[in-house]
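Me: I'd like to practise reading a structure feature by feature. Can we go through one together?

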Amino acid sequence: MSEVNPPGNPPAGKVWIVGGPGCGKSTLAGLLTEPDAPPVSLDTLFWGPGWTPVPQDTFLAEVGKALEAERWVVDGQFPAAVAAYAHTADCVIWVDPPLYLAWPRLLRRTLRRWIHREKLYGGTRETFWTVVGPRSILWYALKVRAEQRRANHDLFVRLSGSDVRLIRFRGGDVRDLVGRIAR
């Protein structure tokens, strides 16, 4: 783990978690969520039925509405939302495990969702083609990895002079990070 801002910052009531697919964002968000800090899943707000994105203005309005709470934990990497709202967080966490850890997790999660017919965002379920086809999250994760890492680096540079606490976690298990974030 590396921290950009020094420790001793005030407690983080508003936490934004970024990172690529399968890196542990949702797991960490679940571990940090408290009764007075509702989770905000950007995937839930972004995706409509059949993996169709909602209109961007609708998406951003829903994100803005969710962030009206005094405390929250956001899980997501969508560029428009990050650009519009990440600066409102007390703490931004970049979960950035090595690909050899993240991709197998994503594979297991995707296969589990497909086999168990789990309902996902917008009521969508994984199909054989969403698992192995050209729109598969597995291929997407490989395709966008470098781009998302650059975007997160740029986000940290942009926020480095602000009061936002910045944490980049390169470890494997996000549970190791939970006790280090003052809530």
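**Reading the model, one feature at a time**

Reply: Sure. Let's start with Thr 110, which is found in helix H5. Keep in mind that this is a predicted model.

Me: Is Thr 110 buried or exposed?

Reply: The cut-off for buried is under 20% relative accessible area. Thr 110 has 1%, so it is buried.

Me: Which residues does Thr 110 touch, once I skip those up to four places away in sequence?

Reply: Glu 126, Val 131, Ile 137 and Leu 138. Let's follow Ile 137, which lies in helix H7. Leaving aside its own neighbours within four places in sequence, Ile 137 is in contact with Pro 21, Leu 106, Thr 110 and Thr 130.

Me: How far apart are Ile 137 and Leu 111, in sequence and in space?

Reply: They are 26 residues apart along the chain, and their C-alpha atoms are 11 Å apart.

Me: And how accessible is Ile 137?

Reply: Ile 137 counts as partly exposed, because its relative accessibility is 24%. Ile 137 also turns up in the pocket lining, among the residues closest to the centre of the largest pocket.

Me: Let's go there, then. What is the volume of the largest pocket, and which residues are closest to its centre?

Reply: The volume is about 1400 Å³. There are 50 lining residues, and the closest to the centre are Pro 21, Lys 25, Asp 43, Ile 137 and Tyr 140.

Me: Which helices supply at least two residues each to that lining?

Reply: Helix H1 (25–32), H2, H3, H4, H5 and H7. H7 has the largest share, with twelve residues.

Me: How does the pocket lining split by class?

Reply: It has 21 nonpolar, 14 polar and 15 charged residues.

Me: What about enclosed space: how many cavities of 30 Å³ or more are there?

Reply: The count comes to one. The volume of this largest cavity is about 140 Å³. Its lining has 18 residues, and the closest to the centre are Gly 19, Gly 20, Pro 21, Arg 145 and Gln 148.

Me: Which elements contribute to the cavity lining, with at least two residues each?

Reply: Strand S7 (91–95), helix H5 (99–115) and helix H7 (137–159). H7 gives the most, with six residues. By class, the cavity lining has eleven nonpolar, four polar and three charged residues.

Me: Next, helix faces. How do I read one?

Reply: The general idea is that an α-helix has 3.6 residues a turn, so residues three or four places apart point the same way. Now try helix H3, residues 56–66, where the buried residues are Phe 59, Leu 60, Val 63 and Gly 64. Seen down the axis of H3, they fall within an arc of 135°, so they line one face of the helix.

Me: Which exposed residues sit on the face of H3 turned away from its buried side?

Reply: Asp 57 and Lys 65. The buried residues of H3, for their part, pack against helix H2 (42–46) and helix H4 (79–85).

Me: How many disulfides does the structure hold?

Reply: In general, a disulfide is a covalent bond between the sulfur atoms of two cysteines. Here the structure holds zero. Cys 23 is in no disulfide, and the nearest cysteine sulfur, that of Cys 91, is 14 Å away.

Me: Why does Cys 91 not bond with Cys 23?

Reply: Because 14 Å between the sulfurs is too far for a bond, and Cys 23 holds the closest cysteine sulfur to that of Cys 91. As for burial, Cys 23 counts as buried at 3% relative accessibility, and Cys 91 is buried at 0%.

Me: Last one: backbone angles. Which sign of phi should I look out for?

Reply: Most residues other than glycine have a negative phi. Trp 51 is not a glycine, yet it has a positive phi of about 60°. Trp 51 is found in the loop between strand S4 (47–48) and strand S5 (52–53), and with a relative accessible area of 18% it is buried.

Me: What about phi of Arg 117?

Reply: Also positive, near 55°, in a residue other than glycine. Arg 117 is in the loop between H5 and helix H6 (128–132). Arg 117 counts as partly exposed, at 44% relative accessibility.

Definitions and conventions: Residues are numbered from 1 along each chain as its sequence is written. This is a predicted model: local features need pLDDT of at least 70, side-chain atom pairs count only at pLDDT 80 or more; totals for chains, interfaces and linings use all residues. Side-chain values use heavy atoms; hydrogens and water are left out. On a 1 Å grid over the protein atoms alone, a cavity is a set of points where a 1.4 Å probe fits but cannot get out, and a pocket is an open set with protein on both sides within 12 Å along at least five of seven lines; lining residues have an atom within 4 Å of a point. Grid points are joined across faces, edges and corners, and a volume is the space filled by probe spheres set on the points. Helices (H or I, at least four residues) and strands (E, at least two) are DSSP runs, numbered from the N terminus. Ala, Val, Leu, Ile, Met, Phe, Trp, Tyr, Cys and Pro count as nonpolar, Asp, Glu, Lys and Arg as charged, and the others, Gly among them, as polar. A disulfide is a pair of cysteine sulfur atoms within 2.5 Å. Buried means under 20% relative accessible area, exposed over 50%, partly exposed in between (1.4 Å probe, protein chains only). The arc is that of the directions from the helix axis to the C-beta atoms. Contact means heavy atoms within 4.5 Å.
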